Amino acid sequence: MPGNKLFTVDFSDLDFVNDRYEIDFGDLSELLDKYQVVIPAGNAVATADDCGRFFQCLLDGGTLDGVRVFQPLTVRRAVAEVGKPEVDRLLLAPLRYSAGMMLGDRRIGLYGPDTAQAFGHLGFANIFAWADPQRDISVALLTTGKLVLGPHLPALWSLLSRISQHCPT
């Protein structure tokens with residue numbers, strides 16, 4: 001049915017030009033009435049600077065360049081751990097999650113060793129962006145698009161480990 005809106009998100013507190021962003025999914029709503037569907041994906045195009053600034057904003061409690069972008073409660077909810085660690089079927093590793101973020105871990109985490117307070121996300125192909133309140137850093141590692149799993153994995157782990165080691169707690 002044309003015009004059938006599955007959901008509407010209100011961004012009015014973020015000072016966007018349009019206060020509402022509506023998505024028309026047409027007949028998809030009928031399918032969702034029958035089945036529980038989880039679509040855990042969203043894509044964005046951003047520079048390393050954009051990613052770093054976004055995570056620095058979260059690290060700073062929701063402010064960017066002195067302007068409040070998110071309420072502190074929104075940030076706390078976005079980075080608070082939910083549920084138990086689960087094995088990620090793509091990475092084949094146990095991961096901790098928040099409502100939208102992939103969390104670091106004490107011994108070995110996505111963002112290097114001893115990154116239990118870190119929160120961020122991996123992009124589609126070996127893109128890492130995160131913040132670590134324990135180290136007071138935000139990091140954006142954007143690569144040429146090699147998959148996370150591959151022969152470069154030891155070098156990638158070495159880089160993530162060095163970032164953690166050179167930014168002591």
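A residue is called buried when its relative accessible area is under 20%, exposed when it is over 50%, and partly exposed in between, with a 1.4 Å probe and protein chains only. Helices (H or I, at least four residues) and strands (E, at least two) are DSSP runs, numbered from the N terminus. The model is predicted, so that local features need pLDDT of at least 70 and side-chain atom pairs count only at pLDDT 80 or more, while totals for chains, interfaces and linings use all residues. Residues are numbered from 1 along each chain as its sequence is written, and side-chain values use heavy atoms, with hydrogens and water left out.

**Exercise 1. Determine which residues of helix 4 are buried, and how they are arranged around the helix axis.**

Step 1. The buried residues of helix 4 are Leu156, Leu160, Ser161, Ile163 and Ser164.

Step 2. Seen down the axis, these buried residues fall within an arc of 155° (the arc of the directions from the helix axis to the C-beta atoms), so they line one face of the helix.

Step 3. The face turned away from this buried side carries the exposed residues Pro154, Ala155, Arg162, Gln165 and His166. As background, an α-helix has 3.6 residues a turn, so residues three or four places apart point the same way.

Step 4. As a check on the geometry, the 14 residues of helix 4 should span 20 Å at 1.5 Å a residue (the expected span being 1.5 Å times one less than the number of residues), and the end C-alpha atoms are 20 Å apart, which agrees.

**Exercise 2. Find the elements against which the buried side of helix 4 packs, and relate them to the largest nonpolar core.**

Step 1. With contact meaning heavy atoms within 4.5 Å, the buried residues of helix 4 pack against strand 9 (112–113), strand 11 and strand 12.

Step 2. A nonpolar core is a set of buried Ala, Val, Leu, Ile, Met, Phe, Trp, Tyr and Cys residues joined through side-chain atoms within 4.5 Å. The largest such core has 15 residues, and those with the most contacts inside it are Met102, Leu110, Tyr111, Leu122, Phe128, Trp130 and Leu160.

Step 3. Strand 11 (128–132), strand 12 (137–141) and helix 4 (153–166) each supply at least two residues of this core.

Step 4. Leucine 160 touches Leu110, Tyr111, Gly112, Phe128, Trp130 and Leu141, if residues up to four places away in sequence are not counted.

Step 5. A second, separate core has ten residues, among them Cys51, Leu58, Val75 and Phe119.

**Exercise 3. Classify two of the aromatic pairs and state which parts of the chain they join.**

Step 1. Rings of Phe, Tyr and Trp (its six-membered ring) pair if their centres lie within 6.5 Å, and planes under 30 degrees apart count as stacked, over 60 as edge-to-face and the rest as tilted. The structure holds four such pairs.

Step 2. For phenylalanine 55 and phenylalanine 119 the ring centres are 6.4 Å apart and the planes stand at 45°, so the pair is tilted. Phenylalanine 55 lies in helix 2 (residues 48–59) and phenylalanine 119 in strand 10 (residues 119–122), so the pair ties together parts that are 64 residues apart in sequence. Both of these phenylalanines are buried.

Step 3. Tyrosine 111 and tryptophan 130 form a stacked pair, with 5.0 Å from centre to centre and 25° between the planes. This pair links tyrosine 111, in the loop between strand 8 (108–109) and strand 9, with tryptophan 130 in strand 11, 19 residues apart, and both residues are buried.

**Exercise 4. Establish the strand order of the six-stranded open sheet and describe the pairing of strands 5 and 6.**

Step 1. Two strands pair if DSSP finds at least two bridges between them. The order in the open sheet of six strands is 5-6-7-10-11-12, with antiparallel pairing.

Step 2. Strand 5 and strand 12 are the edge strands, each pairing on one side only.

Step 3. Strand 5 (residues 81–88) and strand 6 (residues 93–98) are antiparallel over five bridges; the partner of glutamate 86 in strand 6 is leucine 95, and that of glutamate 81 is serine 98.

Step 4. Four residues lie between the strands of this hairpin, in which leucine 92 takes a positive phi near 55°.
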